[in-house]
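Here are some short exercises to work through with the model open beside you. Try each task yourself before reading the solution.

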Amino acid sequence: MYADLTITRTGSGRTLKDRLGGFLATLHSRREARRDMARLSQMSEQMLRDIGVTRDEVHHLAQTFHRRA
């Protein structure tokens, strides 16, 4: 059976296509956040000082990030 994604409506009035697009955008932003967190954790102390972040702050951010994800 064929269902057109632009016609199919969900309870909130958003199309299935809109919901799928939002879901994919969320996945993309979380992937970028994980990549950025990995880059921060691999930076040297000098590079972290240059951007004004301490290693403890990076560690704290990583913990809160993994709790949210």
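**Exercise 1. Find which residues form a nonpolar patch on the surface, and place Leu-27 within the fold.**

Step 1. Look for Leu-20, Phe-23, Leu-24 and Leu-27: these residues make up a nonpolar patch on the surface. Together they offer about 380 Å² of accessible area, a value from the Shrake-Rupley method with a 1.4 Å probe, where for residues only the protein chains shown count as cover. A patch takes residues with over 30% relative accessible area and no salt bridge; nonpolar side chains (Val, Leu, Ile, Met, Phe, Trp, Tyr) are joined within 5 Å, like charges within 9 Å.

Step 2. Leu-27 belongs to helix α1, residues 16–42. Helices (H or I, at least four residues) and strands (E, at least two) are DSSP runs, numbered from the N terminus.

Step 3. Leu-27 counts as partly exposed because its relative accessibility is 43%. The classes are buried for under 20% relative accessible area, exposed for over 50%, and partly exposed in between (1.4 Å probe, protein chains only).

A word on the model before going on: it is predicted, so local features need pLDDT of at least 70 and side-chain atom pairs count only at pLDDT 80 or more, while totals for chains, interfaces and linings use all residues. Residues are numbered from 1 along each chain as its sequence is written, and side-chain values use heavy atoms, with hydrogens and water left out.

**Exercise 2. Work out how many salt bridges the structure holds, and describe each pair.**

Step 1. The structure has 2 salt bridges, each being a side-chain nitrogen of Lys or Arg within 4 Å of a carboxyl oxygen of Asp or Glu.

Step 2. One joins the side chains of Arg-35 and Asp-36, with an N to O distance of 3.7 Å. Arg-35 is partly exposed because its relative accessibility is 41%, and Asp-36 is partly exposed too, at 37%.

Step 3. The other pairs Arg-55 with Glu-45, whose closest N and O atoms are 3.0 Å apart. This pair links distant parts of the chain, 10 residues apart: Arg-55 sits in helix α3 (residues 55–68) and Glu-45 in helix α2 (residues 45–51). With 42% relative accessibility, Glu-45 counts as partly exposed; so does Arg-55, with a relative accessible area of 28%.

**Exercise 3. Map what Arg-55 is in contact with, leaving aside its neighbours within four places in sequence.**

Step 1. The list is Leu-40, Ser-41, Met-43, Ser-44, Glu-45 and Leu-48, where contact means heavy atoms within 4.5 Å.

Step 2. Take Met-43 from that list: its backbone oxygen lies 2.5 Å from a polar atom of the Arg-55 side chain. This is a polar contact, meaning a pair of N or O atoms within 3.5 Å; within protein, one must be able to donate a hydrogen and the other to accept it, and residues adjacent in sequence count only if both atoms are side-chain atoms.

Step 3. Now turn to Ser-44, which lies in the loop between α1 and α2. Ser-44 is partly exposed, with 35% relative accessible area. Its C-alpha is separated from that of Arg-55 by 9.1 Å, and the two residues are 11 apart along the chain.

**Exercise 4. For Ala-38 and Arg-30, find the partner residue and the C-alpha to C-alpha separation in space.**

Step 1. Ala-38 lies in helix α1 and is partly exposed, at 33% relative accessibility. Its partner is Val-58: 20 residues apart in sequence, 9.9 Å apart in space.

Step 2. Arg-30 is also placed in helix α1, and it counts as partly exposed because its relative accessible area is 43%. The partner here is Phe-65, 35 residues apart in sequence and 9.8 Å apart in space.

**Exercise 5. Summarize the protein chain: its elements, its surface and its confidence.**

Step 1. Count 3 helices and 0 strands; from the N terminus on, the order is α-α-α.

Step 2. Of the 69 residues, 10% count as buried. The accessible surface comes to about 5,800 Å², and 57% of that belongs to carbon and sulfur atoms.

Step 3. The average pLDDT is 83, and 77% of the residues score at least 70; pLDDT is the predictor's confidence in each residue, from 0 to 100. Confidence is highest in α2, at 93, and lowest in α3, at a mean of 82.
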